[in-house]
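Please consider the structure shown below together with its sequence. The paragraphs that follow lead from solvent exposure to a pocket, side-chain contacts and contacts between distant parts of the chain.

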Amino acid sequence: MVAEASFAVKAGQAVGIIGPSASGKSSLARGLVGVWQPVRGKVRLDGAALEQWPSEALGPHIGYLPQDVELFDGTVAENIARFDSSAESAAIIAAAQAAGVHDLILRLPQGYESPIGEGGMALSAGQRQRVALARAMVRNPRVFLMDEPLSNLDAKLRVAARAEIAELHRRSGVACIYVTHDQVEAMTMSDRVAVMMGGEVLQVAPPAEANVA
């Protein structure tokens with residue numbers, strides 16, 4: 001649960017949310033993307049509270065990569081496209097390339113048309129996470145939130161993913177928020193760090209000034 005949290009994220013900026021287990025990081029993430037509704041206070045996008053946005057208008061503006069990735073029985077392309085039959089192949093491929101999973105998909109037996117089974121069981125945990133990352137990116141969101149985005153990746157893929165995320169938040173108008181327990185990730189991937197403890201955001205500061213001890 002989150003008791004107190006107040007901060008703003010500007011377009012093109014990356015904010016890392018860091019803190020120990022059970023400090024409220026994932027709860028805050030769910031509230032920021034509208035999965036959970038705050039008991040008090042507001043989450044605003046371009047000045048309007050999330051509940052003021054029609055759901056069909058809000059959805060394309062927010063990309064969300066949850067800590068517990070959930071894929072569905074269908075093809076890789078269908079999962080990246082969120083099972084939207086109107087999604088263009090070029091957009092699906094571009095999202096996969098941005099997520100660093102395009103080459104992996106091409107090595108699958110049927111490429112983008114490969115079935116992945118219920119829950120994505122045909123893929124490894126790291127592969128599922130990167131397909132979910134592509135899914136979150138496919139609509140070119142203006143706000144992109146990632147909860148432990150590197151947790152299921154090996155060392156080599158973590159380095160590549162850090163570079164991809166850094167490029168993502170530098171795109172014009174894209175605000176990135178990511179949750180991590182890794183202080184190195186927080187310090188190297190963010191413009192500002194929000195330090196959480198006991199359900200409260202104690203500090204929001206540049207990485208060099210943040211007290212994460």
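A residue is called buried when its relative accessible area is under 20%, exposed when that area is over 50%, and partly exposed in between. The model to which these terms are applied here is a predicted one. Arg82, with a relative accessible area of 30%, is therefore partly exposed.

Arg82 offers a convenient point of entry. This residue is found in the loop between α3 and α4, and its phi is near 60 degrees, a positive value in a residue other than glycine. Most residues other than glycine have a negative phi. A second case of a positive phi in a residue other than glycine is Asn140, where the angle is near 50 degrees. Asn140 also belongs to a loop, namely that between α6 and β5 (143–147). With a relative accessible area of 51%, Asn140 is exposed, whereas Arg82 is partly exposed.

Arg82 also leads to the second largest pocket. Fourteen residues would be too many to discuss singly, but the lining of 14 residues includes five that lie nearest the centre of this pocket: Val35, Gly59, Ile62, Tyr64 and Arg82. The space in the pocket amounts to about 300 Å³. Rolling a probe the size of a water molecule over the atoms shows where empty space is left. Three elements, α2 (55–58), β4 and α6 (125–137), each supply at least two residues of the lining. By class, the lining comprises eight nonpolar residues, three polar residues and three charged residues.

Ile62, one of the residues nearest the centre of the second largest pocket, also takes part in a contact between distant parts of the sequence. Its C-alpha atom is separated by 7.7 Å from that of Leu145, although the two residues are 83 residues apart along the chain. Leu145 is found in strand β5. Is Leu145 buried or exposed? Leu145 has a relative accessible area of 0% and is therefore buried, the limit for that class being under 20%.

The loop that holds Arg82 also contributes to an aromatic contact. The structure holds one aromatic pair. Phe72 and Phe83 form this pair, with 6.5 Å from centre to centre and 80 degrees between the planes, an edge-to-face arrangement. The pair links distant parts of the chain, 11 residues apart: Phe72 lies in the loop between β4 (62–65) and α3 (76–80), and Phe83 in the loop between α3 and α4 (89–98). A pair of aromatic rings is described by the distance of the centres and the angle of the planes. As to solvent, Phe72 has a relative accessible area of 36% and is partly exposed; Phe83, at 41% relative accessibility, likewise counts as partly exposed.

Contacts that involve charged side chains come next. The structure holds one salt bridge. Its partners are Lys42 and Glu51, whose closest N and O atoms are 2.4 Å apart. Why does this contact count as a salt bridge? It does so because a side-chain nitrogen of Lys or Arg has to lie within 4 Å of a carboxyl oxygen of Asp or Glu, and the distance here is 2.4 Å. Lys42 is exposed, with a relative accessible area of 51%, while Glu51, at 46% relative accessibility, counts as partly exposed. A further charged residue, Arg30, lies over the face of Trp36, at 4.9 Å from the ring centre.

Further pairs bring together residues that are distant in sequence. Arg44, in strand β2 (residues 44–45), is exposed, with a relative accessible area of 52%. The C-alpha atoms of Arg44 and Ala8 are separated by 9.1 Å, and the two residues are 36 residues apart along the chain. Ala160, found in helix α7 (residues 155–170), is partly exposed, with a relative accessible area of 31%. Between Ala160 and Gly100 there are 7.8 Å in space, C-alpha to C-alpha, and the two are 60 residues apart in sequence.

Gln13 completes the account. This residue lies in the segment before β1 (14–18) and, at 15% relative accessibility, counts as buried. Gln13 and Ala166 are 9.8 Å apart in space, C-alpha to C-alpha, with a separation of 153 residues in sequence.

Methods
Residues numbered from 1 in each chain as written. Predicted model: local features only at pLDDT ≥ 70, side-chain atom pairs only at ≥ 80, totals over all residues. Heavy atoms only, no water. Buried < 20%, exposed > 50% of the residue type's maximum accessible area, 1.4 Å probe, protein only. Phe/Tyr/Trp six-rings, centres within 6.5 Å; stacked < 30°, edge-to-face > 60°. Helix = DSSP H or I, 4+ residues; strand = E, 2+ residues; numbered from the N terminus. Lys NZ or Arg CZ within 6 Å of the ring centre and 35° of its normal. 1 Å grid on protein atoms, 1.4 Å probe; cavity = no way out; pocket = protein on both sides within 12 Å on 5 of 7 lines; lining within 4 Å. Points joined across faces, edges and corners; volume = space filled by probe spheres on them. Nonpolar A, V, L, I, M, F, W, Y, C, P; charged D, E, K, R; others polar.
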